[in-house]
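User: I'm new to this structure and would like to get to know one small part of it well. Please take a close look at a single spot, and then tell me how that spot fits into the rest.

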Amino acid sequence: MCDQKEIYDAVADQIKREDENVAKRINWFLTSQAFILTGLGLIADRNPLLLQGIIKQVGVLGMIISFGVLLGVLGAEFSTKSIKDFWDRNSLIMTCYPQPFGGKWAFIFGIIPRILIPVVFTVIWYIVGFESANLIEELKQNRAGLATPEAAPPAS
């Protein structure tokens, strides 16, 4: 049978590990997004025609990465919740140690940015990949329409 100090240490270590996992996932995620966006900007600056050909694929790639990170963050949050439920089920009340996790509001406010970051990037990649691709196509059609003789205004 474990004493309360061993249980406390195990719970605190598990919560710390899950928090570190989330921090690493978000950090690598933001780094990857910076590289992809920088690459996209360089391509747009140097070779706009190439950008037209790959914009949807890059948008899909960004959405897949964002969704994957969201799933990883949710997995860690579910794990943390199960640890907290274990604590509550076993009525672990430590009088000489602080609770190894925050209360309900700390949990809610802590989880919002962890989930919001990948969700916002998913929306950004949708806009970049699909809405800007549609805009590029419209601009190409407008330019093509202006270049044809029948689209030119009559000379006076």
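Analyst: Let's start with threonine 80, which is in contact with Ile15 and Glu18 once its neighbours within four places in sequence are left aside; contact here means heavy atoms within 4.5 Å. What you see is a predicted model, in which local features need pLDDT of at least 70 and side-chain atom pairs count only at pLDDT 80 or more, while totals for chains, interfaces and linings use all residues. Residues are numbered from 1 along each chain as its sequence is written, and side-chain values use heavy atoms, with hydrogens and water left out.

Threonine 80 belongs to helix H2. Helices are DSSP runs of H or I with at least four residues, strands are runs of E with at least two, and both are numbered from the N terminus. With a relative accessibility of 4%, threonine 80 counts as buried; buried means under 20% relative accessible area, exposed over 50%, and partly exposed in between, using a 1.4 Å probe and protein chains only.

Now cross over to one of its partners. Isoleucine 15 sits in helix H1 and is buried too, at 6% relative accessibility. Beyond residues up to four places away in sequence, isoleucine 15 touches Thr80, Ile83, Pro100 and Phe101. Of these, isoleucine 83 is 68 residues away from isoleucine 15 along the sequence, yet their C-alpha atoms are 7.4 Å apart in space.

The other partner, Glu18, is also among the buried residues of H1. That list runs Tyr8, Val11, Ile15, Glu18, Val22, Ile26, Phe29, Gln33, Ile36 and Leu40. In an α-helix there are 3.6 residues a turn, so residues three or four places apart point the same way. Helix H1 itself covers residues 4-46, and its 43 residues should span 63 Å at 1.5 Å a residue (the count used is one less than the number of residues). The C-alpha atoms at its two ends are indeed 63 Å apart, which agrees.

Moving along that buried list brings us to phenylalanine 29, whose relative accessible area is 2%. Phenylalanine 29 forms an edge-to-face aromatic pair with phenylalanine 121, at 5.4 Å centre to centre and 85° between the planes. For such a pair, ring centres of Phe, Tyr or Trp (its six-membered ring) lie within 6.5 Å; planes under 30 degrees apart are stacked, over 60 edge-to-face, and the rest tilted. Two aromatic pairs turn up in the whole structure. Because phenylalanine 29 lies in helix H1 and phenylalanine 121 in helix H3, this pair ties together parts 92 residues apart in sequence. Phenylalanine 121 counts as buried, at 17% relative accessibility.

For a contrast in H2, look at lysine 56, which is partly exposed at 40% relative accessible area. Lysine 56 touches Gly129, Phe130 and Ala133, not counting residues up to four places away in sequence. Asparagine 134 is 78 residues from lysine 56 in sequence, with 9.7 Å between their C-alpha atoms.

Stepping back, the protein has three helices and zero strands, in the order α-α-α along the sequence. Of its 156 residues, 24% are buried. Among contacts between residues at least 6 apart in sequence, 85% join residues at least 24 apart.
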